[in-house]
Amino acid sequence: MSDHPQSPAVRIVGLRKTYRSIVAVDDLTMTVPLRGVHGFLGPNGSGKTTTIRMLLGLMRADQGTMELFGEPVPGRLPEVINRVGAIVEQPRFFENFSGRKNLALLAQGIAVPISRVGAVLEQVGLSDRAGSAFGTYSLGMKQRLAVAATLLKDPELLIFDEPTNGLDPQGIHEFRSTMRSLADAGRTVLVSSHILAEVQQIADTVTIIGRGRTLAEGPVASLLAGAADPVRVVVDDADRAAAVLRAAGLDVRPHEGALLVSRASGQVPPAEVSRLLGEQGLWISELTVQRRNLEELYLQLTEAGPTQQPDLHWARPEGAA
Ligand SMILES: Nc1ncnc2c1ncn2[C@@H]1O[C@H](COP(=O)(O)OP(=O)(O)OP(=O)(O)O)[C@@H](O)[C@H]1O
């Protein structure tokens, strides 16, 4: 059990790393709550891999503090490393050995009971193909065998760095379900990706970074529940509908055969749009609130600049700048 039961799985404050003149990570802050899938998101080159390598003690930070389960790392890494499983680089498996035999060899090497092999194959959905040679596996199956290898020690936190790179849609789908089921079984999954929309589908919480800095962090649902998402409405007489809505003080923008209705002061209730148009005999054929996705949020954050983002931080640790 943890000495710090209330501590998040990961806490990073003020992390910085430079490679000669390149600032790869710049005052980065991240909190990964216990349990659930946490997306660590940002475009290529934004500093995700560098951060993960520092967290795992594979590289030294220039500045900042990091904790795993409340223990400062790298100082106390030996005490917590057994609670962490990570795929940072592709592990090497023997092509001619079956998935099961590859895992059995690994289990022996790290003194894990051989009985764990069957359990971890089951957890990643590879039991049916466990007897086939690794060389015959699809990329997605190879990746899931790598996950199975990290599960041998039964870690509480799993860290995957861009795990779906190179996978086809089927492989991506399967990997997502694997991450979801690991989290549903009570583990914490930290997954980095440059494809924000992809991770949005399974992440409970996210940290979004750009150029080595944290731009936003929090539950996906609260980050996306913008104060003023536009209402998209389709009506036959769009010109007259636009005039009616504008007369009621709403902003109206034609967009791809529909009208996007918004108001500077906040969210427009769809029922208000429906009532205003209905009262004038204008009948709506489609009415939806256009929720943002994480990619749109990212673009908005990078356009807005750092001074306009403080309300998007939800879990800034005390003492963070
Ligand atoms: N060993 C290195 N030497 C010099 N610069 C590096 C090195 N590793 C990374 N960088 C630079 O540091 C920055 C952050 O890279 P990093 O790999 O951490 O980003 P990333 O978000 O993981 O991107 P990707 O998804 O492409 O791996 C980039 O500008 C990268 O070019």
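Helices, at least four residues long, and strands, at least two, are DSSP runs numbered from the N terminus. With that in hand, let us walk through this predicted model.

**A proline to look at first**

Pro-74 sits in the loop that links strand S5 (71–73) to helix H2 (77–80). The peptide bond joining Val-73 and Pro-74 is cis, with omega about 10 degrees.

**The chain as a whole**

The protein chain has 11 helices and 14 strands. Its C-alpha trace spans about 75 × 45 × 40 Å along the principal axes. Of the 321 residues, 35% count as buried. Among contacts with a separation of 6 or more, 71% come from residues 24 or more positions apart.

**Nonpolar cores**

In soluble globular proteins, nonpolar side chains tend to be buried together. Here, the largest nonpolar core has 47 residues, and the members touching the most others are Val-10, Val-189, Leu-190, Val-191, Val-206 and Ile-208. Strand S2 (residues 22–32) gives this core its largest share, 5 residues. If you would like one residue to follow in the viewer, try Val-191: leaving aside neighbours within four places in sequence, Val-191 is in contact with Val-37, Gly-39, Phe-40, Phe-160, Pro-163, Met-179 and Val-199. Another core, of 13 residues, lies apart from the largest one and includes Phe-93, Val-120, Ala-149 and Leu-152.

**Around the ligand**

The ligand is surrounded by 13 residues, of which Tyr-19, Ala-24, Asn-44, Thr-49 and Thr-50 are the closest. The elements giving two or more residues to this shell are S2 and helix H1 (48–55), and H1 supplies the largest share, 3 residues. By character, the shell divides into 3 nonpolar, 8 polar and 2 charged residues. Strand S2 therefore turns up twice, in the largest core and in the shell around the ligand.**Two aspartates with positive phi**

Asp-27 and Asp-154 each have a positive phi in a residue other than glycine. The table sets out their values.

| Residue | Phi | Location |
|---|---|---|
| Asp-27 | near 60 degrees | strand S2 |
| Asp-154 | near 55 degrees | loop between helix H5 (139–151) and strand S7 (157–161) |

Are these aspartates buried or exposed? A residue is buried if 20 or more other C-beta atoms lie within 10 Å of its own, exposed if 12 or fewer, and partly exposed in between. Asp-27 has 16 other C-beta atoms within 10 Å, so Asp-27 is partly exposed. Asp-154 has 13 C-beta neighbours inside 10 Å, so Asp-154 also counts as partly exposed.

Terms used
Residues numbered from 1 in each chain as written. Predicted model: local features only at pLDDT ≥ 70, side-chain atom pairs only at ≥ 80, totals over all residues. Core = buried A, V, L, I, M, F, W, Y, C linked by C-beta atoms within 7 Å. Contact = placed C-beta atoms within 7 Å. Near = placed C-beta within 6 Å. Nonpolar A, V, L, I, M, F, W, Y, C, P; charged D, E, K, R; others polar.
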